[in-house]
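This report goes through a structure element by element. The sequence and the coordinates come next, and the description follows.

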Amino acid sequence: MLRNPFLTFLSGTEFLEYMAQVKLGEKTLPAMVLMDLNMPALDGFEIVERVRQEREFSQIPIIVVLSNSDSPRDMEEATEVGADGFQTKDLDIKAYVEFFNSLAAD
């Protein structure tokens, strides 16, 4: 059972608007952020970097960058901008279940 609501955003801009409301105390700080690299307007690297620059958001427990890319450079850049993890999108449902179970165990 989820203790926090699962929210989705259609773009990085929408997510940043939500986080601005969090900063004003109008919305709840996410317990975890799952970020896609390829989004309209701003990519996942830019979003993670902007979120991590905000003192109030620097300690969000987990930011995981999800991507179709398995490029070592993308993984390195994700870490450089402040992501706590990197997971490639996998078509295997078992891999997804294991991934999300590993997050719950932390």
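## Pairing of strands 2 and 3

V65 stands opposite F86 in strand 3. The model is a predicted one, and V65 itself belongs to strand 2. Strand 2 and strand 3 run parallel and are joined by four bridges.

## The sheet as a whole

The sheet is open and has three strands in the order 1-2-3, paired in parallel. Strand 1 (33-36) and strand 3 (85-88) are at the edges; each has a single partner strand, so one side of each is without a neighbour in the sheet. From one strand to the next the twist averages 25°.

Strands of a sheet pair through backbone hydrogen bonds, in either a parallel or an antiparallel way. Strand 1 and strand 2 (residues 63-67) run parallel and are connected by four bridges. Within this pairing, L34 has V64 of strand 2 as its bridge partner, and D36 has L66 of strand 2.

## Side chains along strands 1 and 2

In a regular strand the side chains alternate between the two faces of the sheet. Strand 1 shows this alternation: V33 and M35 point to one face and are buried, whereas L34 and D36 point to the other and are not buried.

What is the burial state of the residues that point either way from strand 2? I63, V65 and S67 point one way, V64 and L66 point the other way, and all are buried. Since five of the five residues of strand 2 are buried, strand 2 is largely enclosed by the rest of the structure.

## Surroundings of V65

V65 has a relative accessibility of 1%, and therefore counts as buried, the cut-off being under 20%. With neighbours within four places in sequence left aside, V65 is in contact with M35, L37, V48, A78, A83, G85, F86 and Q87. Of these, M35 is one of the buried residues of strand 1, and F86 is the residue opposite V65 in strand 3. V48 and A78 also take part in the contact of helix 2 with helix 3.

The C-alpha atoms of V65 and N4 are 20 Å apart in space, and the two residues are 61 residues apart in sequence.

## Helix 2 against helix 3

Two packed helices are described by the angle between their axes and the distance between the axes. For helix 2 (residues 44-53) and helix 3 (residues 72-81), the axes come within 8 Å and cross at roughly 20°. Angles under 35 degrees count as roughly parallel, so helix 2 and helix 3 are roughly parallel to each other. The crossing in which helix 2 passes helix 3 is right-handed.

Which residues of helix 2 and helix 3 meet? On the helix 2 side they are F45, V48, E49 and R52, and on the helix 3 side D74, E77, A78 and V81. Sorted by class, this contact of helix 2 with helix 3 has four nonpolar, no polar and four charged residues.

## Helix 1 against helix 2

The axes of helix 1 and helix 2 cross at roughly 15° and come within 10 Å. Helix 1 is therefore roughly parallel to helix 2. Helix 1 passes helix 2 in a crossing that is right-handed.

The residues that make the contact are G12, F15 and L16 from helix 1, together with I47, R50 and V51 from helix 2. By class, the contact of helix 1 with helix 2 comprises four nonpolar residues, one polar and one charged.

## S11 and M75

S11 is located in the segment before helix 1 (12-23). Its relative accessibility is 13%, so S11 counts as buried. Residues up to four places away in sequence not being counted, S11 touches M39 and P40.

M75 is a residue of helix 3. Is M75 buried or partly exposed? The relative accessibility of M75 is 33%, and M75 therefore counts as partly exposed. Leaving aside neighbours within four places in sequence, the contacts of M75 are D70, F86 and T88. M75 and F86 are eleven residues apart in sequence, and their C-alpha atoms are 6.2 Å apart in space. F86 is thus in contact both with M75 and with V65.

Key. Residues numbered from 1 in each chain as written. Predicted model: local features only at pLDDT ≥ 70, side-chain atom pairs only at ≥ 80, totals over all residues. Heavy atoms only, no water. Pairing = 2+ DSSP bridges. Helix = DSSP H or I, 4+ residues; strand = E, 2+ residues; numbered from the N terminus. Axes fitted to C-alpha atoms, helices over the stretch in contact; angles between N-to-C directions. Parallel < 35°, antiparallel > 145°, perpendicular 65-115°, else oblique. Left-handed = near helix turned anticlockwise from the far one by under 90°. Contact = heavy atoms within 4.5 Å. Nonpolar A, V, L, I, M, F, W, Y, C, P; charged D, E, K, R; others polar. Buried < 20%, exposed > 50% of the residue type's maximum accessible area, 1.4 Å probe, protein only.
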